[in-house]
Amino acid sequence: MTTPPATGPNLLDVVQAEVSGVLAGIDPSALSAVADLLDRAPRIFVAGEGRSGFMARAFAMRLVHLGRTAYFVGDTCTPATGRGDLLVAVSGSGTTAATVRAAEAVTGGGGAVLAVTTAPASPLAAGAAHVLHVPAATKHRRDDEAATVQPLSSLFDQCAHLVLDCVCLELARRHGVTDEQAARAHANTE
């Protein structure tokens, strides 16, 4: 991590520039391809650990709001995966043990994996049928990762959240899901 200066530019501007730089490195057609994968999957499972897990959980929640059958891996009511299911595995490093194990279990049962990662040569990506490369920074600060003043995997987590939200916008556009329809699928037990 590059230490933020004690004084200097507005940190909101710095973070915005970092996020914009990462998002500029993503081919917009990749989002459409991810939406295609989601459209073909009868059920969608989403996995991630730590902060990446929070981003993954938010994605699964939004998929439900869009009318999709989606589960977060590790919840007590998540069923077994099967043939044709899709796992969206979110791990900046692509080495998070629990996420890699979940991916192996899904592929072993006849499902497919979409790895959302900064590391297209990682164990997670190597075992995945599809990779969505988010060229951000992780806690490992590898030479090929984006520069950031933010701690650990903050830049990856922020960008993964935005990218997956854009995939949801694409799905909503394709299927004509309005905000009002999504609101009706929102939890009413809060």
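Me: Why is valine 116 said to be in contact with Val88?

Reply: Contact means heavy atoms within 4.5 Å. Leaving aside neighbours within four places in sequence, valine 116 has Val88, Ala89, Val90, Ser91, Leu132, Val134, Phe156 and Leu164 in contact. Val88 is on that list, so the word applies. Residues are numbered from 1 along each chain as its sequence is written. The model is predicted: local features need pLDDT of at least 70, side-chain atom pairs 80 or more, while totals for chains, interfaces and linings use all residues, and side-chain values use heavy atoms, without hydrogens and water.

Me: What makes the set with Leu38, Phe59, Leu63, Val88 and Val116 a nonpolar core?

Reply: A nonpolar core joins buried Ala, Val, Leu, Ile, Met, Phe, Trp, Tyr and Cys residues through side-chain atoms within 4.5 Å. Buried means under 20% relative accessible area (1.4 Å probe, protein chains only). The largest such core has 39 residues, and those five have the most contacts inside it. Helix 6 (a DSSP run of H or I, at least four residues) supplies the largest share, 10 residues. A second, separate core has 12 residues, including Phe45 and Val113.

Me: How do you know the class make-up of the second largest pocket's lining?

Reply: A pocket is an open set of 1 Å grid points where a 1.4 Å probe fits, with protein on both sides within 12 Å along at least five of seven lines; lining residues have an atom within 4 Å of a point. Here 14 residues qualify, among them Val64 and Asp75. Val counts as nonpolar and Asp as charged. The split is nine nonpolar, three polar and two charged.

Methods
Buried means under 20% relative accessible area, exposed over 50%, partly exposed in between (1.4 Å probe, protein chains only). Helices (H or I, at least four residues) and strands (E, at least two) are DSSP runs, numbered from the N terminus.
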